[in-house]
Amino acid sequence: MKLNILSACLLMAVSALHPVSGVAAPYPERAIRLVVGYTPGGAADVMARVIADALARKLGQAVTVENRPGAGSTIAASVVARAEPDGYTLGLGTANFYGVDQYLYKASYQPTDFTPITRLTSAPLILTVNNELGVKTVGELVAKAKANPGKMNYASSGIGGSPHLAGLMFEKAAGAPMVHVPFKGGAPAMTSIISGDVQFSFGTAGSVLPMGKEGRMTMLGVSSAERSPIAPELPTLAESGLPGFEYSFWFGLVGPEGLPASVVQTLFDATKEVLEDPEVKSKLLVDGSVASVSASPAEFGEFARQQGKVALERIEQAGVTLN
């Protein structure tokens, strides 16, 4: 009897030192970092922090935003691509992860280096012009561009970004050559519109609306297919004389390649609940974003790859380079 008791005690001690294989702690059990490739205070950063705070409450662990701006957000993307696939390093993904980054920036990561989780938000860009240009409608801007081929210039937040892609689309739709003037961010691009150094630009709602509503620049329309709740008073470019014009930019949640399916599902479910919360939706809308969760991680992956292909084709067809 004593021997049996001793054996049982020894077995319990060994089991305590060597837990049963295959039993994992529930995810998450510690803080998660969300790597954002944009500067603090910008539209992407503000949106990321709204979602990170809500996710932290839902998951019961801190979700901290880590800003790693630079090189068209490829620095942040590289951090995510190289991270351990354990669910504790996530990234704010865009269509550029899926082709443009490799083409323009010679990024070492590939689209397959990321695990898609879900789309987070989508939003239109707002076409805005310098007040002194004397243009009040999209049609008038197109007419002026055609009358001055190669002389009209437009600002963007950088080569290959959403405002640049929208500008390329506008140039093609208008049928007139224009000059692209890239800046290091949306704020300096908008400042150049107000000063008259550049004549027009597509900008995010967060960077355009405050100054547009103050009358410091003239807002002409939104780039989305339908009028946006972000600025419902503004017409679409499609209804303003450019039929078929549609461009919206989006952000998604991604992880490194090899993220376990259980972790992906946990993050997808939590994010879906967060983005369906009326309070979160309202906060995002105020900052210029519309909550836009995917139907599933697989659906988001297909969407991201398709959007990446389209963005790359636009850049290649326009002959855009960083040189």
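**Helices, sheets and a pocket**

Let's begin with two helices: the axes of α2 (residues 43-59) and α9 (residues 261-275) come within 9 Å and cross at roughly 115°. Two packed helices are described by exactly this pair of values, the angle between their axes and the distance between the axes. Keep in mind as you look around that this is a predicted model. The crossing of α2 and α9 is right-handed. On the α2 side, the contact is made by Ile51, Ala54, Leu55, Lys58 and Leu59. Helix α9 answers with Thr266, Leu267, Ala270, Thr271, Glu273, Val274 and Leu275. Sorted by class, the residues of this contact are eight nonpolar, two polar and two charged.

Now turn to the strands. Strands of a sheet pair through backbone hydrogen bonds, either parallel or antiparallel. One open sheet here has six strands with mixed pairing, and you can follow them in the order β2-β1-β3-β10-β4-β11. At its edges are β2 (63-67) and β11 (290-291), each of which pairs on one side only. Inside this sheet, β4 (residues 114-124) and β10 (residues 248-256) run antiparallel and are joined by nine bridges. To find one of these partners, look at proline 124, whose bridge partner in β10 is serine 248. Helix α11 (residues 297-318) packs on this sheet, where it touches β4 and β10. The direction of α11 makes about 70° with that of β4.

A further open sheet is built from five strands, also with mixed pairing, in the order β7-β6-β8-β5-β9. Its edge strands are β7 and β9 (218-222), each pairing on one side only. From one strand to the next, the twist averages 25°. Strand β5 (residues 126-129) runs antiparallel to β9, with four bridges between them, and valine 129 stands opposite threonine 218 of β9. This sheet has a helix across it too: α5 (residues 138-147) lies across β5, β8 (200-203) and β9, at about 60° to β5.

Finally, let's look at empty space. Rolling a probe the size of a water molecule over the atoms shows where such space is left. The second largest pocket holds about 380 Å³. Which residues lie nearest its centre? They are Leu168, Met169, Lys172, Arg314 and Ala318, out of 19 residues that line the pocket. Some elements you have already met return here: α6 (162-174), β7 (179-182) and α11 each supply at least two lining residues. Of these, α6 gives the most, with six residues. By class, the lining has 11 nonpolar, four polar and four charged residues.

Terms used
Residues numbered from 1 in each chain as written. Predicted model: local features only at pLDDT ≥ 70, side-chain atom pairs only at ≥ 80, totals over all residues. Heavy atoms only, no water. Axes fitted to C-alpha atoms, helices over the stretch in contact; angles between N-to-C directions. Left-handed = near helix turned anticlockwise from the far one by under 90°. Contact = heavy atoms within 4.5 Å. Nonpolar A, V, L, I, M, F, W, Y, C, P; charged D, E, K, R; others polar. Pairing = 2+ DSSP bridges. 1 Å grid on protein atoms, 1.4 Å probe; cavity = no way out; pocket = protein on both sides within 12 Å on 5 of 7 lines; lining within 4 Å. Points joined across faces, edges and corners; volume = space filled by probe spheres on them.
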